[in-house]
Amino acid sequence: MGPTSPPTKQAEQLRQDGNSYFAKNKLSAAIDAYTEAITLCPNVPIYWTNRALCHRKRYDWVRVEEDCRRAVQLDHSSVKAHYMLGLALLQREQYAEGVKELDKALDLGRGANPKSYIVEEVWQELAKARYLEWEHSATKRSWELQSLKEACQTALKEKHERKFSEMEGFVDDLKDEYSKQLHDLEKVFDKASEADKPTEVPDYLCCKITLDIFRDPVITPSGVTYERSVILDHLKKVGEFDPITRKPLHQHQLVPNLAVKEAVQAFLQKHGWAYKMG
């Protein structure tokens with residue numbers, strides 16, 4: 001490699017200055033330093049994400065989005081760029097796009113370091129966004145079901161009132177029929193709203209150590225499935241053995257459990273309330 005060119009050296013010094021200002025919460029000075037670095041070397045993604053981080057602390061989500069989009073163009077694998085872009089889109093209530101960016105950040109983060117603080121942070125934001133998305137849809141569904149239920153009850157009542165006036169001698173039979181139809185109607189609407197009612201998450205979708213719903217499940221040679229970050233932590237701090245079977249276990253033996261991961265995704269898609277339990 002040849003000697004570092006002066007503009008690159010200067011830009012790198014400006015980045016370090018910006019980092020120093022940011023640490024002291026001098027956001028304007030930090031933004032100025034990163035902006036100068038970008039002017040000198042516009043193709044370095046970290047300058048853009050560092051400036052985006054300053055804008056994020058100021059809740060200037062428009063500028064966060066602009067800087068992160070540029071960073072993603074320069075580096076498709078930037079966890080921070082996808083993460084902050086996702087947050088900015090969620091602030092603009094572009095939930096689908098925001099969740100997509102957070103998903104991307106989570107996948108990239110897990111690939112680089114499944115136990116890093118940013119993976120946990122991204123998961124928390126993603127779970128919150130998905131829960132809010134579900135809550136919004138569930139409220140709408142509940143209102144629509146209630147309106148439809150009331151319309152059905154009214155129609156049923158009107159139908160039986162007409163029958164009562166036409167068949168005066170069979171009032172008791174008609175009352176029984178009316179009560180049964182009302183009961184059946186109630187059961188139909190209870191069934192329709194079942195998916196939106198929080199219950200228990202099935203055991204096979206939960207980590208045996210944390211008891212939380214899986215995020216990134218891995219399976220051991222013994223056939224036991226664990227949350228990746230949890231089993232990695234166990235192997236590092238406690239010892240290289242399976243905590244349930246007690247058999248020897250090494251990191252390279254862990255394999256992603258795609259079947260459980262797909263089952264979790266299917267469950268969460270249908271039962272968005274479970275995002276609050278992860």
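These are brief notes on the cysteines, helix α9 and D216 in a predicted model.

1. Disulfides. The count is zero. The cut-off is 2.5 Å between cysteine sulfur atoms. For C68, the closest cysteine sulfur is in C54, 12 Å away, and therefore too far for a bond. C207 is in no disulfide either; the sulfur of C206 is the nearest to it, at 8.7 Å.

2. Cysteine burial. C68 has 0% relative accessibility, so it counts as buried. C207 also counts as buried, because its relative accessibility is 1%.

3. Helix α9. This helix covers residues 228-237. Which of its residues are buried? They are V230, I231, L232, H234 and L235. The cover over the buried residues of α9 includes two strands, β1 (217-219) and β2 (225-227).

4. After the helix. G239 comes just after α9. Its phi is positive, at about 160°.

5. D216, position and burial. D216 sits in the loop that runs between α8 (171-192) and β1. Is this residue buried or exposed? D216 has a relative accessible area of 7%, so it is buried.

6. D216, partners. The side chain of D216 makes a polar contact with the side chain of R228, at 2.8 Å. With neighbours within four places in sequence left aside, D216 is in contact with R110, Y226, E227, R228 and K261. R228 thus appears both in the contact list and in the side-chain polar contact. Residue 228 is also where the α9 range begins.

Definitions and conventions. Residues are numbered from 1 along each chain as its sequence is written. This is a predicted model: local features need pLDDT of at least 70, side-chain atom pairs count only at pLDDT 80 or more; totals for chains, interfaces and linings use all residues. Side-chain values use heavy atoms; hydrogens and water are left out. Buried means under 20% relative accessible area, exposed over 50%, partly exposed in between (1.4 Å probe, protein chains only). Helices (H or I, at least four residues) and strands (E, at least two) are DSSP runs, numbered from the N terminus. Contact means heavy atoms within 4.5 Å. A polar contact is a pair of N or O atoms within 3.5 Å; within protein, one must be able to donate a hydrogen and the other to accept it, and residues adjacent in sequence count only if both atoms are side-chain atoms.
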